[in-house]
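This report describes a single protein model for readers at the bench. Please examine the sequence and the structure shown here before reading on.

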Amino acid sequence: MIVTRTLVTLVAVGLCVRGLESQPRGIQRVAWLQGCWESSSAQRTIDEQWMAPRGGNMVGMSRTVRGDALVAYEFLLLREVGERLEYESHPSGQSRAKFLSSTVSDSLVLFENPQHDFPQKIGYRREGPDSLIAWIEGTEKGQSRRIEFPYRRVSCGSGRQPR
């Protein structure tokens with residue numbers, strides 16, 4: 001009886017350890033961001049693209065277009081910093097800003113920098129294989145503010161839905 005219990009316990013511990021080993025680690029935890037995304041409305045189109053994780057980082061870029069005019073762009077870097085992820089943003093016409101992850105899962109990542117003017121939080125939530133919600137939020141001029149960007153996956157380079 002003791003041998004059976006010990007054997008069952010060892011098997012259970014082995015399965016738990018094996019399960020932990022198969023969990024994505026580091027930048028791989030947000031690999032679901034890779035690819036091309038588009039958020040489109042009557043006023044503007046936002047394209048965001050993320051390269052696959054490699055070398056402990058993901059490189060991204062974004063552009064916002066109104067009509068035929070580029071109105072904003074941003075270069076992005078996600079990288080491993082210890083056990084956390086760092087989101088470094090280089091927006092057009094502004095100084096770079098860094099945010100550290102506070103939540104990372106297989107469908108949600110949230111970055112925070114309480115000292116930044118606006119936003120203080122940047123988040124991405126996967127809504128399925130081909131859609132996600134990105135948002136920025138924080139306090140601006142004493143008012144709480146949140147802006148959401150609903151994205152759909154598109155073929156890279158075409159701006160159209162993949163076939």
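How many salt bridges does a search of the whole structure find? The search finds 11 salt bridges, a salt bridge being a side-chain nitrogen of Lys or Arg within 4 Å of a carboxyl oxygen of Asp or Glu. The model is predicted, and local features need pLDDT of at least 70, side-chain atom pairs count only at pLDDT 80 or more, and totals for chains, interfaces and linings use all residues. Residues are numbered from 1 along each chain as its sequence is written, and side-chain values use heavy atoms, with hydrogens and water left out.

**Barrel and strand pairing**

The 10 strands close into a barrel in the order 1-2-3-4-5-6-7-8-9-10, with antiparallel pairing. From one strand to the next, the twist averages 25°; axes are lines fitted to C-alpha atoms, for helices over the stretch in contact, and angles run from 0 to 180 degrees between N-to-C directions. Strands are DSSP runs of E with at least two residues, numbered from the N terminus. Two strands pair if DSSP finds at least two bridges between them.

Strand 1 spans residues 35–40, and five of its six residues are buried. Buried means under 20% relative accessible area, exposed means over 50%, and partly exposed lies in between, with a 1.4 Å probe and protein chains only. Strand 1 and strand 2 form a hairpin with four residues between them. Where this antiparallel pair meets, Ser40 stands opposite Thr45 in strand 2. Strand 1 also pairs with strand 10 (residues 143–154). There, Cys36 stands opposite Val154, and Trp37 stands opposite Arg153.

Further along the barrel, strand 6 and strand 7 form a hairpin with three residues between them. In this pair, Thr103 has Leu110 of strand 7 as its bridge partner. Strand 7 in turn pairs with strand 8, where Ile122 is the bridge partner of Phe111. Four of the strand pairs are set out below by number of bridges.

| Strand pair | Sense | Bridges |
|---|---|---|
| Strand 1 and strand 2 | antiparallel | six bridges |
| Strand 1 and strand 10 | antiparallel | three bridges |
| Strand 6 and strand 7 | antiparallel | four bridges |
| Strand 7 and strand 8 | antiparallel | five bridges |

In a regular strand the side chains alternate between the two faces of the sheet.

**Salt bridges**

Arg63 forms a salt bridge with Asp47, and the closest N and O atoms are 3.0 Å apart. Arg63 lies in strand 3 (residues 57–66) and Asp47 in strand 2 (residues 45–50), so this pair ties together parts that are 16 residues apart in sequence. Arg63 is partly exposed, at 44% relative accessibility.

Arg146 forms a salt bridge with Glu137, at 3.0 Å from N to O. The side chain of Arg146 also meets that of Glu148 in a salt bridge, at 3.0 Å from N to O. Arg146 is partly exposed, with a relative accessible area of 39%, and Glu148 is partly exposed, at 42%. Elsewhere, Arg79, Glu86, Glu88, Arg96 and Lys98 are joined into one network by salt bridges that share partners.

**Backbone features in the loops**

The peptide bond from Phe118 to Pro119 is cis, with omega near 0°. Pro119 is found in the loop between strand 7 (108–112) and strand 8 (121–126).

Lys141 is not a glycine, yet has a positive phi of about 55°. This residue lies in the loop between strand 9 (131–140) and strand 10. Lys141 is exposed, with a relative accessible area of 82%.

**The largest pocket**

Which residues lie nearest the centre of the largest pocket? They are Glu74, Pro91, Gln94, Ile136 and Phe149, from a lining of 33 residues. The search uses a 1 Å grid over the protein atoms alone, where a pocket is an open set of points at which a 1.4 Å probe fits, with protein on both sides within 12 Å along at least five of seven lines, and lining residues have an atom within 4 Å of a point.

About 840 Å³ of space lies in the largest pocket; the volume is the space filled by probe spheres set on the points, which are joined across faces, edges and corners. Strand 2, strand 3, strand 4 (69–81), strand 5 (84–91), strand 6 (97–104), strand 8, strand 9 and strand 10 each supply at least two residues of the lining. By class, the lining has 18 nonpolar, eight polar and seven charged residues. Ala, Val, Leu, Ile, Met, Phe, Trp, Tyr, Cys and Pro count as nonpolar, Asp, Glu, Lys and Arg as charged, and the others, Gly among them, as polar.
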